[in-house]
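Got the viewer open? Let's take a walk through this one together, one selection at a time.

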Amino acid sequence: MKRKLIAFLVIFALITSAAPAMARDIDEADIIADALFVRPVSLAATVVGSVIFVVALPFSIPSGSVETVGQEIVVAPAKYTFVRPLGDFDYNP
């Protein structure tokens with residue numbers, strides 16, 4: 001019984017390790033470009049968007065668009081910076 005269990009676990013481990021983790025292969029150049037250029041620019045866009053959000057707050061409160069403005073200029077760049085997998089430029093959360 002113990003041999004069957006060990007054999008099953010070994011076969012299961014081999015099968016699951018052979019399966020690709022993602023449907024699309026990400027090129028090493030994409031990862032390097034993302035880490036060196038795109039992420040810092042995205043982080044800067046998040047910071048600048050936060051400042052613009054605070055400046056635009058007096059105008060967006062009366063119009064009732066605070067949530068929309070926040071989503072577009074703060075949350076979207078933050079998700080692109082911190083949630084997106086490294087090198088995956090087509091990621092949609």
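Which helix does A45 lie in? Select A45 and you'll land in helix α2. Keep in mind as we go that this is a predicted model.

**Stop one: around A45**

Is A45 buried, partly exposed or exposed? Its relative accessible area is 36%, so A45 is partly exposed. Now show its contacts, leaving aside the neighbours within four places in sequence: A45 touches I73 and P77. Add A76 to the selection and draw a line between the two C-alpha atoms. A45 and A76 are 31 residues apart along the chain, and their C-alpha atoms are separated by 9.8 Å.

**Stop two: the whole chain**

Zoom out and switch to cartoon. You'll find three helices and zero strands, so to speak an α-α-α run when you start from the N terminus. Helix α2 covers residues 28–63, and α3 covers 66–82. 

How much of the protein counts as buried? Of its 93 residues, 15% do. Switch on the surface next: about 7,200 Å² is exposed, and carbon and sulfur atoms supply 72% of that. As for contacts with a separation of 6 or more, 70% of them come from residues 24 or more positions apart.

**Stop three: a nonpolar patch**

Leave the surface on and colour L43, V47, V51, V55, F82 and V83. Together they make a nonpolar surface patch of about 560 Å². Which helix gives the most to the patch? That's α2, with four residues.

Click on V83, one of the patch residues. V83 is placed in the segment after α3, and its relative accessibility of 44% means that V83 counts as partly exposed.

**Stop four: Y80 and its company**

Go to Y80, which lies in helix α3. With 30% relative accessibility, Y80 counts as partly exposed. Who is in contact with Y80, once its neighbours within four places in sequence are left aside? Show V38, R39, S42 and F89.

Bring back L43 from the patch and compare two distances. Y80 and L43 are 37 residues apart in sequence, and 8.8 Å apart in space from C-alpha to C-alpha.

Now show the side chain of R84. What does its charged end sit over? The ring of Y80: the charged end of R84 is 4.0 Å from the centre of that ring. If you were hunting for aromatic pairs while looking at rings, the count comes to zero.

**Stop five: the salt bridges**

Stay with R84 and add D34 and R39. How many salt bridges does the structure hold? There are two, and D34 takes part in each of them.

- D34 with R39: the closest N and O atoms are 3.2 Å apart.
- D34 with R84: the closest N and O atoms are 2.8 Å apart. D34 lies in helix α2 and R84 in the segment after α3, so this pair ties together parts that are 50 residues apart in sequence.

Since the bridges share partners, D34, R39 and R84 are joined into one network. Are these residues buried or exposed? Both D34 and R84 are buried. For D34 the relative accessibility is 0%, so D34 counts as buried. R39 has a relative accessible area of 14%, so R39 is buried too.

**Stop six: beyond α3**

Follow the chain on to G87, in the segment after α3. G87 has 0% relative accessibility, so G87 counts as buried. Select A33 as well: G87 and A33 are 54 residues apart in sequence, while their C-alpha atoms are 7.6 Å apart in space.

Finish at D88, found in the segment after α3. Why does D88 count as buried? Its relative accessibility is 13%, and buried means under 20%. Add D27 for one last distance: D88 and D27 are 61 residues apart in sequence and 9.2 Å apart in space, C-alpha to C-alpha.

That's the tour. Clear your selections and wander back to whichever stop you liked.

Notes
Residues are numbered from 1 along each chain as its sequence is written. This is a predicted model: local features need pLDDT of at least 70, side-chain atom pairs count only at pLDDT 80 or more; totals for chains, interfaces and linings use all residues. Side-chain values use heavy atoms; hydrogens and water are left out. Rings of Phe, Tyr and Trp (its six-membered ring) pair if their centres lie within 6.5 Å; planes under 30 degrees apart count as stacked, over 60 as edge-to-face and the rest as tilted. A charge sits over a ring if NZ of Lys or CZ of Arg is within 6 Å of the ring centre and within 35 degrees of the ring normal. Helices (H or I, at least four residues) and strands (E, at least two) are DSSP runs, numbered from the N terminus. Buried means under 20% relative accessible area, exposed over 50%, partly exposed in between (1.4 Å probe, protein chains only). Contact means heavy atoms within 4.5 Å. Accessible areas come from the Shrake-Rupley method with a 1.4 Å probe; for residues, only the protein chains shown count as cover. Patches are made of residues with over 30% relative accessible area and no salt bridge: like charges are joined within 9 Å, nonpolar side chains (Val, Leu, Ile, Met, Phe, Trp, Tyr) within 5 Å. A salt bridge is a side-chain nitrogen of Lys or Arg within 4 Å of a carboxyl oxygen of Asp or Glu.
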